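Let's take a friendly walk through this protein model, one region at a time. Keep the 3D view open as you read, and turn it whenever a new element is named.

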Amino acid sequence: MKVFLVSLGCDKNLVDSEHISGILQASGYTFTDDESEADIIIINSCCFINDAKEESINTIFEMSKYKNDNCKALVLAGCLAQRYHDEIKDEIPEIDICIGTTAFDDIAKTLDEYFEDKQKIVDLEDINCPAGFKAPREISTFGGYGYLKIAEGCDKHCTYCIIPKVRGDFRSVPIDNVLEEARQMASLGIKEINLIAQETTMYGTDLYGKQSLHILIHELSKIDVIKWIRILYCYPEDIYEDLIEEIKNNEKVCHYLDLPIQHASDRILKLMGRQTTKAEIKSKIDALRKAVPDIVLRTTLISGFPGESDEDHKQVLDFVEDIKFDRLGVFTYSQEEGTPAADMDNQIDEDVKIKRRNEIMELQQEIVFDKNDSLVGKEFEALIEGKIPMENAYIGRTYMDAPGVDSNIFVVTDKELMSGDFVKASVTGANDYDLIGDLTERLED
């Protein structure tokens, strides 16, 4: 039977989708890129914010029209299925199977059961079951990079976030399992490993009684094929000295960290349930930049959180101006049912949220353009991800940019390069957020 898989949401969802693909292919299913040919359509959904829910629901209705053609089973998997399975079962009859966030290992068995008796199935396992997959994985990323999920769930319980209710408590994947998956990725030519979790810096605390991310990174760096290790989703308050030292001293670790601070007003940080203050965030950033002068810091912010005043917003602008983050994204606050923040007083009008978001991004644009100007004439290693059609230029990324969320460097050369190649390029200019550079050297594996 042919399967068409739609993966929505974050890179953590993408890893789940890759495991779904691996499980089904190992069970004899084949995959198609044409939904009209599919016997089974699977939507791996997201429900983190309202926009994500709307995208998931719209995709359900878009895919449901194929049930009049070849499609014999429409499957909803992931966060939306976990959170709203009862409502979906009652209100969206087109869905035949709901699979929760911890039931992916059983997907082939669940499909077999459905085709045996054609009864609707809701497959939900304990969301606090041990983290990690027992099954194979089919890597879907190109250009020599991949994502490695090292933990599930979250213990932070920020007041705006639904993740603990759909993904459970924080659970680390045992280090041997992580290393085994990394070796499998390396055997497929993956050279850049992007470490992901809801909160990577707490890795190991539940299994080993202490923060162990630095230990994991050290072991990962022993895998020869892996050239870059990138750390994403680090809460600043949980960054610790041993981790900073590993970033500083391990040549395979990209000098890059993603620090989702969300706000810079102590009053709003407290309302958000964040376990830090503006001063503590500043202190941690100072420590990182002192130890690793060329480190690139990315952050995300939320504009328009309930009760956010003009003064709170000004504190964010002042902080962004002071810190000068290298990379920054802003979400408007999404009022998520089932979260404490959804019931808070003084919800902010949507137009105010958007106005404040735009003001932050306009400021950040100036900061990034100035930073890019300062890079002209410097040489960087870059990982090639593809070629621009009809031009002597390739799309790449330096250590300063994570895949999918950050910028690119366009490498100009007459030489033929391949996706996954490492090169050196000298920056000659910038095109808005992206860099332009000339090839100076093709690096050997």
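The paragraphs below go from a sheet to salt bridges, then to the nonpolar cores, a helix and two loop residues.

Please keep in mind that this is a predicted model. A good place to begin is the open sheet of 6 strands, whose order is β2-β1-β3-β4-β5-β6, with parallel pairing. At its edges sit β2 (30–31) and β6 (121–123), each of which pairs on one side only. Helix α2 (residues 50–64) packs on this sheet, where α2 touches β1 (2–7), β3 (40–45) and β4. If you compare directions, that of α2 makes about 175° with that of β3. Within the sheet, look at β4 (residues 73–78) and β5 (residues 97–99): these strands run parallel and are joined by 3 bridges. To find one pairing by eye, start from L76, whose bridge partner in β5 is C98.

Next come the charged side chains. How many salt bridges does the model have? The count comes to 30, and three of the pairs are worth a visit here. In one of them, D16 forms a salt bridge with K149, and the closest N and O atoms are 2.8 Å apart. D16 belongs to helix α1 (residues 11–26) and K149 to strand β7 (residues 145–149), so this pair ties together parts that are 133 residues apart in sequence. Are these two residues buried or exposed? D16 is buried, with a relative accessible area of 0%, and K149 is buried as well, at 9%. The pair also has company, since D16, K149, E152 and R167 are linked in a network of salt bridges.

Another pair is found around the sheet you have just seen. The side chains of D39 and K72 meet in a salt bridge, at 2.7 Å from N to O. D39 is in the loop between β2 and β3, while K72 is in the loop between α2 and β4, so the contact ties together parts that are 33 residues apart in sequence. D39 counts as buried at 14% relative accessibility, whereas K72, with a relative accessible area of 40%, is partly exposed.

The third pair to visit is K67 and D96, whose side chains meet in a salt bridge at 2.8 Å, N to O. This pair links distant parts of the chain, 29 residues apart: K67 is in the loop between α2 and β4, and D96 is in the loop between α3 (79–91) and β5. Here K67 is partly exposed, with a relative accessible area of 26%, and D96 counts as buried at 6% relative accessibility.

Now for the nonpolar side chains. In soluble globular proteins, such side chains tend to be buried together. In this model, the largest nonpolar core has 56 residues, and the members that touch the most others are L213 and L257. Which helix gives the largest share of this core? Helix α6 (residues 175–187) does, with 6 residues. To see the surroundings of L213, leave aside residues up to four places away in sequence; L213 then touches I150, L195, T200, T201, Y203, I231, Y240 and L243. Apart from this largest core lies another core, of 34 residues, which includes I41, I60, C71 and L80.

Further along the chain is helix α13 (residues 350–374), with 25 residues. From its first C-alpha to its last, α13 reaches 36 Å, close to the 36 Å expected at 1.5 Å a residue. Which residues of α13 are buried? They are K353, R356, I360, L363, Q364, I367, V368 and N372. Their cover includes β13 (296–303), α12 (310–323), β14 (327–332), β18 (422–431) and β19 (434–442).

Finally, stop at two loop residues. N346 is placed in the loop between β14 and α13, and its phi is near 60°, a positive value in a residue other than glycine. N346 is exposed, with a relative accessible area of 57%. M390, in the loop between β15 (379–387) and β16 (393–397), has phi near 70°, which is again a positive value in a residue other than glycine. M390 is exposed too, with a relative accessible area of 84%.

Note on methods
Residues numbered from 1 in each chain as written. Predicted model: local features only at pLDDT ≥ 70, side-chain atom pairs only at ≥ 80, totals over all residues. Heavy atoms only, no water. Helix = DSSP H or I, 4+ residues; strand = E, 2+ residues; numbered from the N terminus. Expected span 1.5 Å × (residues − 1). Buried < 20%, exposed > 50% of the residue type's maximum accessible area, 1.4 Å probe, protein only. Contact = heavy atoms within 4.5 Å. Pairing = 2+ DSSP bridges. Axes fitted to C-alpha atoms, helices over the stretch in contact; angles between N-to-C directions. Salt bridge = Lys/Arg side-chain N within 4 Å of Asp/Glu carboxyl O. Core = buried A, V, L, I, M, F, W, Y, C linked by side-chain atoms within 4.5 Å.
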